[in-house]
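Trainee: I have a model open and would like to go through it with you. Can we take it one topic at a time?

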There are 2 protein chains.
Amino acid sequence: MEKKKLKTMTLDQMKDKHIGKVGTEKRDKYEFDLQLEILGETIKSVRKERNLTQEQLGSLIGVQKSQISKLERNTKNVTIETILKVFKALKTNVKLSVQMNEFDFEIA
Amino acid sequence: MEKKKLKTMTLDQMKDKHIGKVGTEKRDKYEFDLQLEILGETIKSVRKERNLTQEQLGSLIGVQKSQISKLERNTKNVTIETILKVFKALKTNVKLSVQMNEFDFEIA
DNA sequence: TAAAAAGTTGATATATATGGAAACTTTTCG
DNA sequence: CGAAAAGTTTCCATATATATCAACTTTTTA
């Protein structure tokens, strides 16, 4: 997690992406039904917002860029551990909400 | 998914668990940071609320009760596919929300 | 309190998620 | 356009998640 030379993202770089709103004001939030397909897209879009290449994200986690590519295009299923690892590296919080539909549950 | 003899959960059974509130009024919702430990507990608590045994839940999915036990006590990591399968059987909706912390992202 | 039901654990087999390496394609930019 | 950077894909190895079965422990209930 700790690196020697830190290059903090400049405000100008930020302005390019988030016009007007600054700092704590603007907080991007993605919410969606848990699906494999969407998850990959989300990783990609968060990574983009962090202005990272697949290679950079990979090195934060300790994997090759090809691995990131695979996760983003999810050709495969994913484990929770991987999800946590990726979003932690992206300094992004992940919440899971579980909502029971109705009381009409029935058993055989 | 389709079974011959359906035994719908009676309202009385429900009242035991959800005092006062009836039907669509009361909807249980669990929300938590995505963590392995909590997830297992959640499966268990939703299953209990559905008044199912591990064996019954297992048969809905097509696995043995021992497998459900392991998921609930999660001795292991879990894949998204498994999460989806379990909660679908429990007629429970699963949402994932992803929130970016700040703009203070830094790269080496 | 004994039997039945529910849940746990360990051994084991199999499927598949993770990951690297390298070649390849696509995008970016001088 | 042509080179560099970024992203993708294929082949492959390895770790591990899924799952069963059977024996065991714990809980429930008649």
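Mentor: We can go through the DNA surfaces, then the core, and then a few single residues, keeping in mind that this is a predicted model.

Trainee: OK, DNA first. Which residues come closest to DNA strand C?

Mentor: There are 21 residues around DNA strand C, and the closest are A:Gln64, A:Lys70, A:Thr82, B:Gln54 and B:Lys70. Of the atoms of DNA strand C that come within 4 Å of the protein, 63% belong to sugar and phosphate.

Trainee: Which elements supply at least two residues each to that surface?

Mentor: From chain A they are α4 (65-72) and α5 (80-89), and from chain B they are α2 (36-49) and α4 (65-72). The largest share comes from α4(B), which gives four residues.

Trainee: And how do the residues near DNA strand C divide by class?

Mentor: Two are nonpolar, 11 are polar and eight are charged.

Trainee: What about particular polar contacts to DNA strand C, which atoms are involved?

Mentor: A polar backbone atom of A:Gln64 is 2.6 Å from a phosphate oxygen of the strand, and a side-chain N or O atom of B:Arg73 is 3.0 Å from a phosphate oxygen. A:Ser66 contacts a base, since an N or O atom in its side chain is 3.4 Å from a base nitrogen of DNA strand C, and a polar contact is a pair of N or O atoms within 3.5 Å.

Trainee: Now the other strand. Which residues come nearest to DNA strand D?

Mentor: Of the 21 residues around DNA strand D, the nearest are A:Gln54, A:Ser66, B:Gln64, B:Lys70 and B:Thr82. Sugar and phosphate make up 60% of the atoms of this strand that come within 4 Å of the protein.

Trainee: Where in the two chains does that surface come from?

Mentor: For DNA strand D, α2 (36-49) and α4 of chain A, along with α4 and α5 (80-89) of chain B, each supply at least two residues. Here α4(A) gives the most, with four residues, and the classes are two nonpolar, 11 polar and eight charged residues.

Trainee: Which side chains make polar contacts there?

Mentor: Phosphate oxygens of DNA strand D lie 3.1 Å from a side-chain N or O atom of A:Ser69 and 2.9 Å from a polar side-chain atom of A:Arg73. On the base side, a polar side-chain atom of B:Ser66 is 3.1 Å from a base nitrogen of the strand.

Trainee: Switching topic, how many residues are in the largest nonpolar core?

Mentor: That core has 42 residues, and A:Phe87, A:Leu96, B:Phe87 and B:Leu96 have the most contacts inside it. The elements giving two or more residues to this core are α2, α4, α5 and β3 (92-100) of chain A and α2, α4, α5 and β3 (92-100) of chain B.

Trainee: What does B:Leu96 touch, leaving out residues up to four places away in sequence?

Mentor: B:Leu96 touches A:Tyr30, A:Glu31, A:Phe32, A:Leu34, A:Leu39, A:Val94, A:Lys95 and A:Leu96, and also B:Leu34.

Trainee: I also clicked on A:Thr92. Is that residue buried or exposed?

Mentor: A:Thr92 counts as buried, because its relative accessibility is 7% and the cut-off for buried is under 20%. A:Thr92 sits in strand β3 of chain A, and a polar atom of its side chain lies 2.9 Å from the backbone oxygen of A:Leu90. Beyond four places in sequence, A:Thr92 touches A:Val46, A:Arg50 and A:Phe87 as well as B:Val98, B:Gln99, B:Met100 and B:Asn101.

Trainee: And B:Leu71, where is that one and what is it in contact with?

Mentor: B:Leu71 lies in helix α4 of chain B and counts as buried at 14% relative accessibility. Apart from neighbours within four places in sequence, B:Leu71 is in contact with B:Gly40, B:Ile43, B:Thr82 and B:Val86.

Trainee: Last one, what is the phi of A:Asn51?

Mentor: Phi of A:Asn51 is near 55 degrees, a positive value in a residue that is not glycine. Most residues other than glycine have a negative phi. A:Asn51 is in the loop between α2 and α3 (54-61) of chain A and is partly exposed, with a relative accessible area of 39%. B:Asn51 also has a positive phi of about 55 degrees, and B:Asn51 lies in the loop between α2 and α3 (54-61) of chain B.

Methods
Residues are numbered from 1 along each chain as its sequence is written. Chains are lettered from A and ligands numbered from 1 in the order in which they are written. This is a predicted model: local features need pLDDT of at least 70, side-chain atom pairs count only at pLDDT 80 or more; totals for chains, interfaces and linings use all residues. Side-chain values use heavy atoms; hydrogens and water are left out. A residue is near a molecule or strand if one of its heavy atoms lies within 4 Å of it. A polar contact is a pair of N or O atoms within 3.5 Å; within protein, one must be able to donate a hydrogen and the other to accept it, and residues adjacent in sequence count only if both atoms are side-chain atoms. Ala, Val, Leu, Ile, Met, Phe, Trp, Tyr, Cys and Pro count as nonpolar, Asp, Glu, Lys and Arg as charged, and the others, Gly among them, as polar. A nonpolar core is a set of buried Ala, Val, Leu, Ile, Met, Phe, Trp, Tyr and Cys residues joined through side-chain atoms within 4.5 Å. Buried means under 20% relative accessible area, exposed over 50%, partly exposed in between (1.4 Å probe, protein chains only). Contact means heavy atoms within 4.5 Å.
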